Amino acid sequence: MGRGFAAHAAVLLLFLLWVGSLCSEDDASVYIVTLKQPPVAHHDRLSISSSSRDTEPLNTKTKPRTGSRSDGGYYSYLTRFHDSLLREVLKGERYLKLYSYRYIINGFAVVVTPQQAEKLARRREVAGVVADFSVQTATTYTPEFLGLPVGAWQEEGGVDGAGEGVVIGFVDTGIDPSHPSFSDGGAAAAYPVPTHFSGVCEVTRDFPSGSCNRKLVGARHFAASAITRGIFNATKDFASPFDGDGHGTHTASIAAGNHGVPVVVAGHQFGKASGMAPRAHIAVYKALYKSFGGFAADVVAAIDQAAEDGVDIISLSITPNRRPPGVATFFNPIDMALLSAVKAGVFVVQAAGNTGPLPRSMSSFSPWIFTVGAAAHDRVYHNSVILGNNLTISGLGLAPGTKGLTMYPLVSPIHALRDDISEETRNNIYLGECQDPSPLNKDFVKGSILICSYTVRFVLGISSVRQALQTAKNLSSSGIIFYMDPFVMGFQINPTPMDIPGLMIPSPDDSQIFLDYYNSTVSGKDSSSSVKVGAIGRIVGGLNANYNKHAPKVLYYSSRGPDPEDNSFHDAEIMKPNLIAPGNLIWGAWSSLAADSTEFKGEKFALISGTSMAAPHVAGLAALIKQKFPSFGPSAVGSALSTTAVVHDKLGGPIMAQRTYIDPDASQTPATHFDMGSGFVNATAALNPGLIFDSSYDDYLSFLCAIPGSAPLVANYTGRPCAAAATAAANLNLPSVVISLLNSSRIVTRRVTNVGAAGETYAITWSSPGGVSVSVSPRNFFIARGASVVLRIALNATINSTSASFGRIGFYGSRGHAATIPISVISKVVLGRNKG
């Protein structure tokens, strides 16, 4: 292994030197070049077309399941062709090919100058040349909240088999293979690696031989584009699949971490963790890094490899840093790579993004991608401080309380300074952050509760809760309280582990009330010998979880629809997000060397929030669906998840959505479909959907061809010309209806397929969007097992309006199946009527 690592390091060093000279001299950068010839996955293999639907209603996988390079000759040919094309076009010039994309995209990533990129673009073999762009990263209880132990897991024969045989590929920051969430327990034949998976495990010093097993079945890393920019730090970022950030380890464990792993943080017990599909297999494709995020060229290479290896599901907790330019958001290298992955039969899940709550803040655009927003579940960790004036202030903190009913003195660092401290130190504006114990009088602080200011420097990672805790312990403090600096606007503090009694006051208003009480008791100078502080309090611990019935609810940061079709904020007639799933305060595995959160450094688990946490919940649940229905293609899996989603909280009221960053719970209103998509994921119901809205690769191409000016792009990315007939987005066979402009009236169609065990009679009901009348025909129908029925949905505007309105269509079967789809009309125009 030592010789292998030395060779790897030597190659990396030479690569860095070569790239450095190329980029500095020629102003070169990375471009993604796609070619017109089909990739391996599509070579001489047709996708299921509309003509085959009668005999094959589901968009099943068409790629072989016995190996990735099923056409080895063509695979090698594409590599040779890439190289010969570059040599011919750039003869005698300097360039550097980073990747050959062969499986789901035919093309390559190359470091060239803009002039060289233009030369390549002029070649008839070249479909498109796009400049590389950056991307960014966007559970002990959620299985119970989702009803898995008594529902979906039982459907799969219990927790010991839930997800087995299904491989989930994670394009993320890597993984810590030593974590118990990814152990195979020494399993042998009883837990075989799926035969359709052909991935490999990189071996480096950071990721030694034996890191992979029957649980973690594959691991690679992709960083060539990052290296060309000179920002890759092999020491911090790890030139291996190892996770130096924490994000990838966390997301993988949410989807497919082992069942029953004890969660111990800061010495406290927080139950046992489990992934959604605890028996599913994990394949890791590291393309994001702590220091800089990631780049599209590396992400596309990771996606291409994952599809080639034979993963069943790809989980992407990443989003682009900017909205893709051009005719439509859908035409960008990542979404187009994912379209090819879908054609190969891979179900793709992506985080919606964390740029809510503004409308059109969506960062996952395309209808072939299943986009997931973030919801709060009902478990919360609360503690409180009881002050000497009998006022109680709520807070956060994974920390114990002070002992008994004893009240302890409260003291701020600015009132505990040693008498010999310099004037410069005394005037330090950061003194209140409690990052340094040396200026403070230990005798004055000992036995007191230290109060500290949580400033923007904590948000930026300059200051840390961990260091403040160390200060409190060095001074023999009895506890610690953090109050929110008023300049930290719109930042949500999450519970942080503390090994001493502690509290964080997340509300600026509550923080001011706390400070008003404290300051009212202070007299004298700032030095500890002359100041007098009369404030007292005690901390009520927050190690035990509380449960809130008003859940789920959409979190303020979760990105919202409507889906933006282009940079001009035109609305796409595509429902985004598709649904919501738990994303707030999620326990998950944490890498042993993770640097993403200083508060959880060195811990085995971390409590993290974001749509990044919501997406792997759905990836894991999709694995359960694939296990039960191996013939389901990507759109069938997505339909099962969407049509069974719920729109009510645990009390039976509407799911609420937070509308503001500041005091988000005070701004809640009922969620719309642009907040939550079809609703909150229902894991058990998704395993018995009854009806499916199925779409094929050809359907997606027809949708793309309907976009004005898109024909050249479709041909460039897919190698297929647009046919005369194209499908408007509203007629794409999705489990939703979105109309961006209802000009008087419109008719759309949907096709449902019965995937139940027997024929069934369905009755249809609906609630119309405001200002719109709806009718569906047929209103009642019998559908045989495996058969399909086409529905005609008529919408008529009854008022003029520019605001969005929402409704639903429900399908209720005689055998107990129920499915619903949302209707969203963004604006309505009634022609031929007088205003007023």
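Me: Let's start with Ser768. Where does Ser768 lie?

Reply: Ser768 sits in the loop between β38 (760–767) and β39 (772–777). Keep in mind as we go that this is a predicted model.

Me: Is Ser768 buried, partly exposed or exposed?

Reply: Ser768 has 33% relative accessibility, so it counts as partly exposed.

Me: And which residues does Ser768 touch, not counting residues up to four places away in sequence?

Reply: With those sequence neighbours left out, Ser768 touches Ser773, Val774, Phe806 and Gly807. You can also look at Leu795: from Ser768 to Leu795 is 27 residues in sequence, and their C-alpha atoms are 8.8 Å apart in space.

Me: Let's try Thr402 in the same way. Where is Thr402 found, and is Thr402 buried or exposed?

Reply: Look in the loop between β19 (392–395) and β20 (408–411) for Thr402. Its relative accessible area is 10%, and buried means under 20%, so Thr402 is buried. Leaving out residues up to four places away in sequence, Thr402 touches Tyr408, Ile449, Ser478, Pro501, Arg538 and Ile539.

Me: On to disulfides. What is a disulfide, in general?

Reply: A disulfide is a covalent bond joining the sulfur atoms of two cysteines. In this model the count comes to 3 disulfides. Number the bonded cysteines of the protein chain in sequence order and the pairing reads 1-2, 3-4, 5-6.

Me: How do I read the link of Cys201 and Cys212?

Reply: Check the sulfur atoms: those of Cys201 and Cys212 are 1.8 Å apart, and the two form a disulfide. Then take the torsion: with 70° about the S-S bond, this link is right-handed. Cys201 and Cys212 both lie in the loop between β6 (167–172) and β7 (216–221), so the pair ties together parts that are 11 residues apart in sequence. As for accessibility, Cys201 comes out at 26%, so Cys201 counts as partly exposed.

Me: What about Cys434 and Cys452: is that disulfide left-handed or right-handed?

Reply: The torsion about the S-S bond of Cys434 and Cys452 is about -105°, so that disulfide is left-handed. The pair links distant parts of the chain, 18 residues apart: Cys434 is in the loop between α11 (423–426) and α12 (442–445), and Cys452 is in strand β21 (residues 449–454). The sulfur atoms of Cys434 and Cys452 are 2.1 Å apart. Cys434 has a relative accessible area of 1%, so Cys434 is buried, and Cys452, at 0%, counts as buried too.

Me: Then there's Cys705 and Cys722. Where does each cysteine of that pair lie?

Reply: First the bond itself: Cys705 and Cys722 form a disulfide with sulfur atoms 2.0 Å apart, and -85° about the S-S bond makes the link left-handed. Cys705 belongs to helix α19 (residues 697–705), while Cys722 is in the loop between α20 (711–718) and β35 (737–739), 17 residues away in sequence. Cys705 has 17% relative accessibility, so it counts as buried. Cys722, at 25%, counts as partly exposed.

Me: You mentioned helix α19. How are two packed helices described?

Reply: Two packed helices are described by the angle between their axes and by the distance between the axes. Here, helix α10 (residues 333–343) packs with α19 at an angle of about 150°, with the axes 9 Å apart. Angles over 145 degrees count as roughly antiparallel, and that makes α10 roughly antiparallel to α19.

Me: Which residues meet between α10 and α19?

Reply: From α10 come Met336, Leu339, Val342 and Lys343, and they meet Tyr697, Tyr700, Leu701 and Leu704 in α19. The residues of this contact divide into 7 nonpolar, no polar and 1 charged.

Me: Last topic: aromatic rings. How is a pair described?

Reply: A pair of aromatic rings is described by the distance of the centres and the angle of the planes. The count in this model comes to 23 aromatic pairs. One of them is Tyr99 with Phe222, a tilted pair, 6.2 Å centre to centre with 50° between the planes. Tyr99 and Phe222 are both buried.

Me: How does the pair of Phe458 and Phe482 read?

Reply: That pair is edge-to-face, with 6.1 Å centre to centre and 80° between the planes. Phe458 is in helix α13 (residues 456–459) and Phe482 in strand β22 (residues 479–484), so to speak distant parts of the chain, 24 residues apart. Phe458 is buried, as is Phe482. Elsewhere, Phe232, Tyr289, Phe292 and Phe295 form one aromatic cluster.

Notes
Residues are numbered from 1 along each chain as its sequence is written. This is a predicted model: local features need pLDDT of at least 70, side-chain atom pairs count only at pLDDT 80 or more; totals for chains, interfaces and linings use all residues. Side-chain values use heavy atoms; hydrogens and water are left out. A disulfide is a pair of cysteine sulfur atoms within 2.5 Å. Helices (H or I, at least four residues) and strands (E, at least two) are DSSP runs, numbered from the N terminus. Buried means under 20% relative accessible area, exposed over 50%, partly exposed in between (1.4 Å probe, protein chains only). Contact means heavy atoms within 4.5 Å. Axes are lines fitted to C-alpha atoms, for helices over the stretch in contact, and angles run from 0 to 180 degrees between N-to-C directions. Angles under 35 degrees count as roughly parallel, over 145 as roughly antiparallel, 65 to 115 as roughly perpendicular and the rest as oblique. Ala, Val, Leu, Ile, Met, Phe, Trp, Tyr, Cys and Pro count as nonpolar, Asp, Glu, Lys and Arg as charged, and the others, Gly among them, as polar. Rings of Phe, Tyr and Trp (its six-membered ring) pair if their centres lie within 6.5 Å; planes under 30 degrees apart count as stacked, over 60 as edge-to-face and the rest as tilted.
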